[in-house]
Amino acid sequence: MVMHVPAEAHGDERGALLAFIAEQRGGVRRAVLGLTDEQAGSRPSASELSLAGLVKHVAEVEQMWISLAKGEPPAVVRDQSNWHECFRLVEGETVASQLAYWEKVAAETEAYIRSVPSLDDTFALPAQPWFPPDGRVSHRWLCLHLIRETARHAGHADVIRESLDGRTAFELVAEEQRVVAEA
């Protein structure tokens with residue numbers, strides 16, 4: 001953990017969960033700080049992962065899960081024909097456009113989680129081989145899953161960024177704080 005997540009107001013479990021999601025989003029966002037689209041799209045390791053692709057992926061996944069919880073179709077449907085586009089920018093996409101999209105998704109996530117009557121309420125999982133038949137999960141599970149998903153990719157982003165230019169998460173936090181202070 002690079003940033004401190006403040007303690008929630010007494011009894012504000014939703015606020016605590018949303019704060020941890022936001023903190024992990026920050027880790028991915030900071031990893032692209034100061035990079036060009038070309039740099040963010042490069043793959044400096046044996047992996048196919050790039051920073052630009054990670055930004056796109058985590059935004060799409062978060063949006064997909066919130067849509068699923070709402071009983072709506074996701075904004076982007078991925079299958080075998082276009083799965084490869086999930087982790088890379090395609091024509092017309094930029095890191096800035098994906099970050100802006102993710103900000104909208106984050107606002108939607110916050111509004112939705114704050115609006116559900118109870119974190120104990122459940123929604124159906126899709127009929128996929130990796131989910132149990134007729135599986136259901138709670139909104140609390142959804143928040144925890146988003147924390148886990150985003151944190152996993154924030155760790156990938158740390159390694160990729162350091163591989164690109166040697167900058168670590170701690171340095172990027174300091175840079176982000178300097179930029180905010182100067183604004």
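Start the tour by selecting Glu 48, which has a relative accessibility of 48% and therefore counts as partly exposed (buried means under 20% relative accessible area, exposed over 50%, and partly exposed in between, with a 1.4 Å probe and protein chains only). The model on your screen is predicted, so local features need a pLDDT of at least 70 and side-chain atom pairs count only at pLDDT 80 or more, while totals for chains, interfaces and linings use all residues. Residues are numbered from 1 along each chain as its sequence is written, and side-chain values use heavy atoms, with hydrogens and water left out.

**Salt bridges**

Keep Glu 48 selected and add Arg 43: these two form a salt bridge whose closest N and O atoms are 3.5 Å apart (a salt bridge is a side-chain nitrogen of Lys or Arg within 4 Å of a carboxyl oxygen of Asp or Glu). Arg 43, at 44% relative accessibility, is also partly exposed. Side chains of opposite charge can pair when their charged atoms come close, and a search of the whole structure finds 15 salt bridges.

Next, select Arg 114 and Asp 12, whose side chains meet in a salt bridge with an N to O distance of 3.6 Å. Arg 114 lies in helix α4 (residues 95–115) and Asp 12 in the segment before α1 (13–31), so this pair ties together parts that are 102 residues apart in sequence (helices, H or I with at least four residues, and strands, E with at least two, are DSSP runs numbered from the N terminus). Arg 114 is partly exposed at 42% relative accessibility, and Asp 12 is partly exposed at 24%. Add Glu 110 to the selection, and you will have a network of salt bridges that links Asp 12, Glu 110 and Arg 114.

Now move to helix α6 (residues 169–182), where Arg 178 and Glu 182 lie four residues apart, about one turn of the helix. Their closest N and O atoms are 3.5 Å apart, and the two residues form a salt bridge. Arg 178 is partly exposed at 45% relative accessibility, whereas Glu 182, at 60%, is exposed.

**The nonpolar cores**

Select Ile 21, Trp 65, Tyr 112, Ile 113, Phe 123, Leu 142 and Leu 146, the residues with the most contacts inside the largest nonpolar core, which has 20 residues (a nonpolar core is a set of buried Ala, Val, Leu, Ile, Met, Phe, Trp, Tyr and Cys residues joined through side-chain atoms within 4.5 Å). Helices α1, α3 (51–70), α4 and α5 (139–165) each give two or more residues to this core, and α3 supplies the largest share, five residues. If you then look for a second, separate core, you will find one of 18 residues that includes Val 28, Val 55, Val 95 and Ile 160.

Return to Phe 123 and show its surroundings: leaving aside neighbours within four places in sequence, Phe 123 is in contact with residues including Trp 65, Leu 68, Gly 135, Val 137 and Leu 142 (contact means heavy atoms within 4.5 Å).

**How the helices pack**

Select α3 and α4, whose axes come within 9 Å and cross at roughly 30° (axes are lines fitted to C-alpha atoms, for helices over the stretch in contact, and angles run from 0 to 180 degrees between N-to-C directions). That angle makes α3 roughly parallel to α4 (angles under 35 degrees count as roughly parallel, over 145 as roughly antiparallel, 65 to 115 as roughly perpendicular, and the rest as oblique). Among the residues that make the contact are Val 55, Ala 59 and Ile 66 of α3, and Val 95, Trp 102 and Tyr 112 of α4.

Then replace α3 with α1, which packs against α4 at an angle of about 170°, with the axes 10 Å apart; α1 and α4 are therefore roughly antiparallel to each other. In this pair, residues including Arg 14, Leu 18 and Val 28 of α1 meet residues including Leu 99, Trp 102 and Arg 114 of α4.

**Two last stops**

Is Arg 30 buried or exposed? Arg 30, which lies in helix α1, has a relative accessible area of 7% and is buried. Its C-alpha atom is separated by 9.0 Å from that of Glu 175, although the two residues are 145 apart along the chain.

Finish at Asp 134, in the loop between β1 (122–124) and β2 (136–138), where a relative accessibility of 78% makes this residue exposed. The phi of Asp 134 is near 55°, a positive value in a residue other than glycine; most residues other than glycine have a negative phi.
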